[in-house]
Amino acid sequence: MLKRKRISCLAVLILCWVFLSLAFGCSSRTRPPGETMTGQSGKLKAEQTREAPRSGLKQEEALRKAPLGELSDKSPAAAVRTTPPPATTPPTQQIREEAIKEAPVRSEKVVLRKIHFEFDKYNLSAEAREILREHAQRLYKLQDFALVIEGHCDERGTNEYNLALGERRAVEAMKYLVALGVNEKKIRTVSYGEELPSDPGSSEEAWAKNRRAEFNLTVK
């Protein structure tokens with residue numbers, strides 16, 4: 001009986017040892033989820049720490065080589081490289097020059113004194129020369145102008161003849177101004193013949209008024 005009790009106790013001890021061995025073996029092989037994630041995160045952090053310098057160098061090289069259009073809008077480098085430079089205010093002199101160029105051209109029309117001619121003549125009288133000298137003195141002081149000299153006649157004679165005579169009167173006045181030093185390129189002549197009389201009458205007094213040259217000056 002004693003031997004049987006000993007054998008049974010020994011068997012129980014062996015079974016307990018086997019059970020404990022199996023229990024401890026399973027627990028060492030299986031870990032809780034928390035411990036597994038913690039270990040993996042630690043490995044990832046270590047790998048990222050080791051790879052950080054290399055990735056930074058690669059990113060800088062990519063940014064230097066990439067054209068402006070390929071950079072991401074969210075990257076700091078893209079924001080720096082794509083931001084336009086601040087606008088600079090042009091100098092005061094440049095602003096004034098641009099304003100002068102864009103300003104509308106203002107012109108002022110001035111009618112100068114007329115000169116008159118003898119019947120069927122286009123040569124200049126002493127009085128006409130004196131008036132033309134006054135005009136030349138005034139034109140000297142102008143930087144930019146345009147002068148139109150109109151030749152007119154009285155109603156006697158044909159239209160063709162009076163148009164030709166009015167042209168000769170205008171040209172004669174222009175030649176005298178040019179001889180006094182006025183720029184010929186700024187002068188234009190035109191003849192109206194008898195079409196625009198100063199006095200519509202048919203008397204000697206009216207005809208004397210109509211044999212004339214008028215000066216229309218435009219100052220810019």
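In the predicted model, residue D154 is buried, with a relative accessibility of 4%. Its salt-bridge partner is R156, and the closest N and O atoms of the two residues are 3.1 Å apart. R156 is partly exposed, at 27% relative accessibility. A buried residue has under 20% relative accessible area and an exposed one over 50%, so R156, at 27%, falls in between.

R156 also takes part in a second salt bridge, with E204, where the closest N and O atoms are 3.9 Å apart. This contact links distant parts of the chain: R156 lies in the loop between β2 and α6 (159-179), E204 belongs to helix α7 (residues 204-210), and 48 residues separate them. E204 is exposed, with a relative accessibility of 52%. Through shared partners, salt bridges join D154, R156, E204 and R211 into one network. Side chains of opposite charge can pair when their charged atoms come close. In the whole structure, 9 salt bridges were found.

Another of these contacts connects two strands. E214 forms a salt bridge with K114, with 3.6 Å between the closest N and O atoms. The pair again spans distant parts of the chain, since E214 is in strand β4 and K114 in strand β1, 100 residues apart. E214 is buried, at a relative accessible area of 15%, whereas K114 is partly exposed, at 33%.

The setting of E214 can be described through strand β4, which covers residues 212-219. Of the 8 residues in this strand, 7 are buried, so β4 is largely enclosed by the rest of the structure. Strand β4 is paired with strand β1 (residues 108-116) in an antiparallel arrangement, with 7 bridges between them. Within this pairing, V110 has L217 of β4 as its bridge partner. Strand β4 also pairs with strand β2 (residues 145-152), and this pairing too is antiparallel, with 7 bridges. Here F145 is placed opposite V219 of β4. In a regular strand the side chains alternate between the two faces of the sheet.

F145 has a further contact, with a charged residue. The charged end of K186 sits over the ring of F145, at 5.7 Å from the ring centre. Contacts between two aromatic rings are absent, as the structure holds 0 aromatic pairs.

In overall composition, the protein has 7 helices and 4 strands. Along the sequence these elements follow the order α-α-α-α-β-α-β-α-β-α-β. The protein comprises 220 residues, of which 23% are buried.

A nonpolar patch was identified on the surface. The patch is formed by L10, L13, I14, W17, V18 and L22, which together have about 650 Å² of accessible area. One of these residues, L10, is located in helix α1, which covers residues 2-29.

Key:
Residues numbered from 1 in each chain as written. Predicted model: local features only at pLDDT ≥ 70, side-chain atom pairs only at ≥ 80, totals over all residues. Heavy atoms only, no water. Patch = residues over 30% accessible without salt bridge, like charges linked within 9 Å, V, L, I, M, F, W, Y side chains within 5 Å. Areas by Shrake-Rupley, 256 points an atom, 1.4 Å probe, with all protein chains shown as cover. Salt bridge = Lys/Arg side-chain N within 4 Å of Asp/Glu carboxyl O. Helix = DSSP H or I, 4+ residues; strand = E, 2+ residues; numbered from the N terminus. Phe/Tyr/Trp six-rings, centres within 6.5 Å; stacked < 30°, edge-to-face > 60°. Lys NZ or Arg CZ within 6 Å of the ring centre and 35° of its normal. Buried < 20%, exposed > 50% of the residue type's maximum accessible area, 1.4 Å probe, protein only. Pairing = 2+ DSSP bridges.
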